[in-house]
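This report concerns a metal site and the enclosed spaces of one protein model. The structure is shown first.

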Amino acid sequence: MVSSKKNDIRLSFLGGCGEVGRIGIKLELSGGKSLLLDYGVSLSGEDMPVFPGHVRPKDLRSVFLSHAHLDHSGALPLLFSGEVKVPVYTTSLTARLSYLLLEDFLHISGYNLPFERREVNVFMKNIKAVNYGQETMMGKDVTVRLIDAGHIPGSAMILVKSPEANILFTGDFNLVETQLLNAARISDINLSEVDVVVMETTYANIDHPDRRDLEKELVESCREVVDKGGIVLIPAFAVGRSQEILCVLRRYDFEYPITLDGMARHTSKILLSYPEFVRNQKLLREALSRAKWITNWAERRRALKNPGVIVSPAGMLKGGAALYYLQKIYKNPQNAVFLVSYQIEGTPGRMLLETGKFKFNGSLEEVKAQVKWFDFSAHSGHKELMRFLSMLSPETTVFLIHGELDAAKKLASEAEETLELKVILPEEGRVYHL
Ligand SMILES: [Zn+2]
Ligand SMILES: [Zn+2]
C-alpha cells in the first residue's frame, strides 16, 4: 500500500514514535491541505513537558482529536496563537474534559508552557462537537468518522475515508469492557476496507490479567487492609480511572468508608451530565453517591481518622491531593498504596513501585505502607492488540506508535510472521506516501 503515486496521501508523525505520548499525525490530502490527528505532549519525567514537531495552522484543513488525555491534546492550544482558526472535531465530552485537563496543565506548568489561557479559550471556541458514527465531510470526497474507542469516556478512533486510501487511527483503545465503559466498537468499522492502520502499542508486550479476577483482587486487598484498621490510598487518574475504581468497589459491595478527592470530583460531576458516554449510568450514579466527596480541609483531615479507602489523583503521584494523603499514611505498615494506573518511567509512582521510596519535599523516604500495583488498564494488552490486527486484511499497512520501541518491535515481528501484515515503526518527521 505504501507507494509514491502522484496524487497520493502523505502521512507523517510529529511525535509518539517509540514513546508513549506526544501524539501528532499529519495526513496530507491530495488537495494540498492536511488533517491533523491529535496534538499532544509528553509528560514523562519531572521536567518540562515535551512538545511534538511543528505544524503550521495555515496548512491545516482541520484537526480531529481522539480523546482528552494531554498526550493527545496538550499541544493543541499552540495552533491558536495566531490569526488562522482551524476547526477541531471531537466528541462533546472530550471537548469538556480537554478544557479541564488543559486548565490543570496551565495551573501546574503554566510558566513553562508556550501558550496561555487565551490560547486554550480560542481552542475551545473552535471545537466542533460530533457524535460517534457521524460523518464529517472534508471537501467533496473525504469523510471522517469517530468510533467509540472504549479507552476513557468520550474517546474515539478516527476513520478517514478518501478515494486514495482509508486510514484508521486507533487513538488509545480498549477491546475489553470495563465497569465504566463499553469495549471499543470495532464492529462499527468495516475493517476489510481499511488500507492503513495507525495503532497505539502502550502495552504491546504485556497481557493484562482477566478483568473480573483483577476487580475481585483489588476489592479483597482493600478489605484486608481496612479490616485491620488501615487506610488504602488509591492514586487514580481523574478522568475515567477514579470512576472505574468507585464502580468496582460498588459492584462488589465494598462496605467501608470511601472518600473521593482531587480533580476526580470535577470529572465525576462532568460524567454524570454526559450519561450517554458510560456503560451503566445507574452503577456510576450509585458508585459516586456511595463515596464521600471532600469539600474542605477539615473533611480531608477527618478522612484520615477512620479506616477506609481514599481515591484521589494524581494517578502517578505527580501531584494532587493524593500527595497529601500519602504523606500522612506512608509511615504506617498497616496502610496501603494501591496504584491502579500505568506508571510512566521517571514518574514518582514508578519510582515508588521500583524502590519502595518516595521523595517528599526533596527528601527521599522509605514508604512503610504496603505498595502494590493493579493492572487496571484502559488500553488493549498484547492479546487484544494481536486480536485486532488479526481482523485486518493482509494487504493492510500498519504503523505502530505510542509505545516503547522494543515492545513495538516485538509486536511488529509477531504480526508480520503470524498475520503476514506489513508493519512499520515510523520515524518522526519522515513522510510516508500512501
Ligand atoms: Zn489516553
Ligand atoms: Zn495516550
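The text below treats the zinc site and then the internal cavities of this predicted model.

**Zinc site**

The zinc ion (ligand 2) has as its protein donors Asp71 (OD), His72 (NE2), Asp172 (OD) and His402 (NE2), at 2.1 to 2.2 Å from the ion. Along the sequence, the spacing of these donor residues is D-H-x99-D-x229-H. The arrangement of the four donor atoms is irregular because the angles they subtend run from 88 to 160 degrees, whereas a tetrahedral assignment would require all angles to lie between 85 and 135 degrees. Asp172 also acts as a bridge between the zinc ion (ligand 2) and the zinc ion (ligand 1), the two ions being 3.4 Å apart. Two of the donor residues can be described by accessibility: Asp71 is buried, with a relative accessible area of 15%, and His72 is buried at 1%.

**Cavities**

Two cavities of 30 Å³ or more are found in the whole structure. Their volumes and lining classes are listed below.

| Cavity | Volume | Lining residues by class |
|---|---|---|
| Largest cavity | about 100 Å³ | five nonpolar, six polar, three charged |
| Second largest cavity | about 40 Å³ | five nonpolar, five polar, one charged |

Of the 14 residues lining the largest cavity, His151, Thr178, Leu181, Glu244 and Ala378 are the closest to its centre. The largest cavity lies between domain 1 (10–206 + 378–433) and domain 2 (211–373), because both contribute residues to its lining. The lining of the second largest cavity includes Tyr132, Asp148, His151, Leu181, Asn182 and Phe277.

Note on methods:
Residues numbered from 1 in each chain as written. Chains lettered and ligands numbered in written order. Predicted model: local features only at pLDDT ≥ 70, side-chain atom pairs only at ≥ 80, totals over all residues. Heavy atoms only, no water. Donors = N, O, S within 2.8 Å, 3.2 Å for Na, K, Ca; no water. Tetrahedral: all angles 85-135°; square planar, octahedral: opposite > 155°, others 65-115°. Buried < 20%, exposed > 50% of the residue type's maximum accessible area, 1.4 Å probe, protein only. 1 Å grid on protein atoms, 1.4 Å probe; cavity = no way out; pocket = protein on both sides within 12 Å on 5 of 7 lines; lining within 4 Å. Points joined across faces, edges and corners; volume = space filled by probe spheres on them. Nonpolar A, V, L, I, M, F, W, Y, C, P; charged D, E, K, R; others polar. Domains from an automatic or database assignment.
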